[in-house]
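Trainee: I have a model open on my screen and would like to learn how to read it. Could we go through it together, one feature at a time?

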Amino acid sequence: MTTFVIKTEILSFDPQPGMKSTQTIDVDFSSKSVKSSYVTGTTKIGSWELKSVRDAFTIKNIEFSGQSVTFKTVGQTASGVGFMPNIDYEMAFKVNADGSGTVKGAHDGYPAYSIKKGTEVIYQYKHKSKDLQKLFGSKDTKFGPCDF
């Protein structure tokens with residue numbers, strides 16, 4: 001099995017730092033399955049802790065062909081402060097049975113994003129201080145393809 005972890009987080013130099021979402025994707029060639037799970041962070045305002053809203057993490061277009069599989073993952077979450085825009089991403093993976101492959105996609109320019117295969121970082125994007133305005137818009141930061 002090959003496991004990928006996609007993480008969105010606000011870095012320590014901005015307000016509300018910490019993990020905002022973590023999506024885990026397991027690719028299993030023996031059962032020809034691609035499964036996903038996720039957890040989301042919270043927003044703290046004084047003594048209140050607000051859960052995330054508009055959470056939608058999906059895997060789609062799964063196609064096993066010989067010794068490889070292709071699929072897309074789409075992730076979306078937002079702060080419990082209801083008027084905040086969504087954190088969005090869409091990524092296309094091609095994974096070979098030996099664990100090698102590529103990923104490419106797009107995400108918002110805020111917050112930070114990372115993709116790991118096991119413990120190996122295969123993509124990393126770090127937002128700059130006070131880049132919150134880059135959260136407004138729709139997946140305008142493109143990347144890849146990144147080999148792993």
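Mentor: Gladly! Let's begin with Lys-139, which sits in the loop between strand E11 (120-125) and E12. Keep in mind that this is a predicted model.

Trainee: What is the phi of Lys-139?

Mentor: Phi is a backbone angle, and its sign is the thing to look at here. Lys-139 is not a glycine, yet its phi is positive, at about 45°.

Trainee: And how exposed is Lys-139?

Mentor: Relative accessible area is what you read for that. Partly exposed covers the range between buried, under 20%, and exposed, over 50%. Lys-139 has a value of 23%, so it counts as partly exposed.

Trainee: Which other residue that is not glycine has a positive phi?

Mentor: Look at Arg-54, with a phi near 55°. Arg-54 belongs to strand E6 (residues 53-65), whereas Lys-139 lies in a loop. With a relative accessible area of 36%, Arg-54 is partly exposed.

Trainee: Let's go on to E12. Is Thr-141 in that strand buried or exposed?

Mentor: Thr-141 does lie in strand E12, and its relative accessible area is 16%. Because the cut-off for buried is under 20%, Thr-141 counts as buried.

Trainee: Which residues does Thr-141 touch?

Mentor: For contacts, it helps to set aside the close sequence neighbours. Leaving out residues up to four places away in sequence, Thr-141 touches Gly-105, Ala-106, His-107, Asp-108, Gly-109 and Tyr-125. You can also follow a distance through space: Thr-141 and Thr-24 are 117 residues apart along the chain, and their C-alpha atoms are separated by 21 Å.

Trainee: Now peptide bonds. Where do I find a cis one?

Mentor: Omega is the angle to check. In E12's neighbourhood of the sequence, Gly-144 and Pro-145 are joined by a cis peptide bond with omega about 10°. Pro-145 lies in strand E12 (residues 141-147). Another cis bond joins Tyr-110 and Pro-111, where omega is about 0°. Pro-111 is in the loop between E9 and E10.

Trainee: What does Ser-114 in E10 touch?

Mentor: Ser-114 is in strand E10 (residues 112-117). Its contacts, apart from residues up to four places away in sequence, are Val-5, Ile-6, Lys-7, Tyr-123 and Gln-124. Ser-114 is at 13% relative accessibility, so it counts as buried.

Trainee: How do I read strand pairing? How many bridges join E7 to E8?

Mentor: Look at the direction of the two strands, then at who stands across from whom. E7 and strand E8 (residues 87-96) run antiparallel and are joined by 10 bridges. As an example, Thr-77 has Ile-87 in E8 as its bridge partner. On to the next pair: E8 and strand E9 (residues 101-107) also run antiparallel, with seven bridges. There, Lys-94 is opposite Thr-102 in E9.

Trainee: What lies between E8 and E9?

Mentor: Four residues separate them in a hairpin, and Gly-99 in the turn has a positive phi of about 95°.

Trainee: Let's zoom out. How many helices and strands does the protein have?

Mentor: Zero helices and 12 strands. The radius of gyration is 16 Å, close to the 15 Å that the globule rule gives for 148 residues, so the protein is as compact as a globular protein of that length. Its C-alpha atoms fill a box of roughly 50 × 25 × 25 Å along the principal axes.

Trainee: What share of the residues counts as buried?

Mentor: Of the 148 residues, 44% do. For contacts across the chain, take pairs at least 6 apart in sequence: 52% of those contacts join residues at least 24 apart.

Trainee: Last topic: how much space lies in the largest pocket?

Mentor: About 410 Å³. It is lined by 25 residues, and those closest to its centre are Ile-10, Gln-16, Ser-79, Met-84 and Leu-132. Strands E4 (42-45), E5 (48-51) and E7 (68-78) are the elements that give two or more residues to the lining. E4 provides the largest share, three residues.

Trainee: Which classes of residue make up that lining?

Mentor: The lining of the largest pocket has 13 nonpolar, eight polar and four charged residues.

Conventions. Residues numbered from 1 in each chain as written. Predicted model: local features only at pLDDT ≥ 70, side-chain atom pairs only at ≥ 80, totals over all residues. Heavy atoms only, no water. 1 Å grid on protein atoms, 1.4 Å probe; cavity = no way out; pocket = protein on both sides within 12 Å on 5 of 7 lines; lining within 4 Å. Points joined across faces, edges and corners; volume = space filled by probe spheres on them. Nonpolar A, V, L, I, M, F, W, Y, C, P; charged D, E, K, R; others polar. Pairing = 2+ DSSP bridges. Buried < 20%, exposed > 50% of the residue type's maximum accessible area, 1.4 Å probe, protein only. Contact = heavy atoms within 4.5 Å. Rg over C-alpha atoms; globule rule 2.2 N^0.38 Å.
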